[in-house]
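Reader: I would like a close look at one part of this structure, the sheet and what packs around it. Please take me through it step by step.

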Amino acid sequence: MANLKEVKERINSVVSTQQITKAMKMVAAAKLRRAQDKITQMRPYSQKLTVILNNVSAASDGQADIVFAEKREINNVLVIPITSDKGLCGAFNTNVLKASSFAVNNQFADKNITILPLGKKAFEFFKKRGYNVIDTYYQVFSDVSFENVKLAAEFAMAEFAEGNYDKVVLVYNHFKNVATQEVITENFLPMISESEGLDTKGPDTDYILEPSREYIIEELVPTSLKIQFFKAVLESNASEHGARMTAMDKATENAGELLKELRLMYNRTRQAAITNEILEIVAGANALGGK
């Protein structure tokens, strides 16, 4: 009976776990809908803004007067890994941390590296390994709003403009669908004419600009960069909820399979115990009958 009790406790434990994973899946699904709506609305705006910026800047005398487009010898690099604050989302965080580590240890192995983590998991990972970590903005996912996220973008932009960093790189999960997220290592600064992974080539357009082309570029460039930064955070946010929903769905299925095995084990153990009791009774009766 001790074995029966142990199996019964395991069954109750798995049932409780399954209820938790089901609830977490439902919560992740609800959050995913909102996050997916945000990113699908943001993508066309971001892409169109980039196309306009490319056309306007290409029609000017060049990008040499745009501080965020200045090409310098790369000595100091700011890497911005975007993870989540919590786990239980499969390989979502692990993939970003691996890609970030690869960039730090291979692509920029001989450079001075600074980490600007967005998300608690990235902060803890790089802090524990002794990297130079900026700990000001890692709690950005407590409030995923443009007003909150742009503070981190403005910091990176200001540091680049002042010459403290020669290159700024974003590492995040690009949201494709609920089950698929693609890790992207994207150049943020200096600006490039075409965003990586996006088709921003549009027809050449002759814009009428007021008050001047220079003023428009000066206002448009920072806005475009902040939008690009915010889009990366939204991509990561949607990817996190999709990954968590998928992970919790799989965990629920695995719990169901484990319950089948445990219940079968319980029934077999119980049947064996009953059979043993019957055998003992019959043996005792035979012994009494023999007297």
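Author: Start with a term. Two strands pair if DSSP finds at least two bridges between them. Strand 1, residues 76-81, and strand 2 pass that test: they pair in the parallel sense over four bridges. One position to find is Val77, which stands opposite Ile113 in strand 2. Keep in mind that this is a predicted model.

Now widen the view. Four strands form an open sheet. Their order is 2-1-3-4, and the pairing is mixed. Strand 2 (112-115) and strand 4 (180-189) are the edge strands. Each of them pairs on one side only. From one strand to the next, the twist averages 25°.

Next come the helices. Helix 2, residues 92-107, packs on the sheet. It touches strand 1, strand 2, strand 3 (167-177) and strand 4. The direction of helix 2 makes about 150° with that of strand 3. Helix 4, residues 146-161, lies across strand 1, strand 3 and strand 4. Helix 4 runs at about 35° to strand 4.

Helix 3 spans residues 120-128, and its buried residues are Ala122, Phe123, Phe125 and Phe126. Seen down the axis of helix 3, these buried residues fall within an arc of 170°, so they line one face of the helix. What do they pack against? The buried residues of helix 3 pack against strand 1, helix 2 and strand 2. After helix 3 comes Gly130, with a positive phi near 80°.

Now look at the nonpolar cores. The largest has 45 residues. Phe68, Ile80, Leu118, Phe188, Leu189, Met191 and Phe229 touch the most other members. Several elements each supply at least two residues of this core: helix 1 (2-59), strand 1, helix 4, strand 3, strand 4 and helix 5 (213-290). Helix 5 gives the largest share, eleven residues.

Take Ile80 as an example. Set aside its neighbours within four places in sequence. Ile80 is then in contact with Leu116, Leu118, Ala156, Val168, Val169, Leu170, Val171 and Phe229. Of these contacts, Leu118 and Phe229 also appear among the core residues that touch the most other members.

Another core lies apart from the largest one. This other core has 18 residues, among them Val77, Val79, Phe125 and Tyr138. Two of these names are familiar. Val77 is the residue opposite Ile113, and Phe125 is one of the buried residues of helix 3.

Conventions: Residues numbered from 1 in each chain as written. Predicted model: local features only at pLDDT ≥ 70, side-chain atom pairs only at ≥ 80, totals over all residues. Heavy atoms only, no water. Axes fitted to C-alpha atoms, helices over the stretch in contact; angles between N-to-C directions. Contact = heavy atoms within 4.5 Å. Buried < 20%, exposed > 50% of the residue type's maximum accessible area, 1.4 Å probe, protein only. Arc of directions from axis to C-beta. Core = buried A, V, L, I, M, F, W, Y, C linked by side-chain atoms within 4.5 Å.
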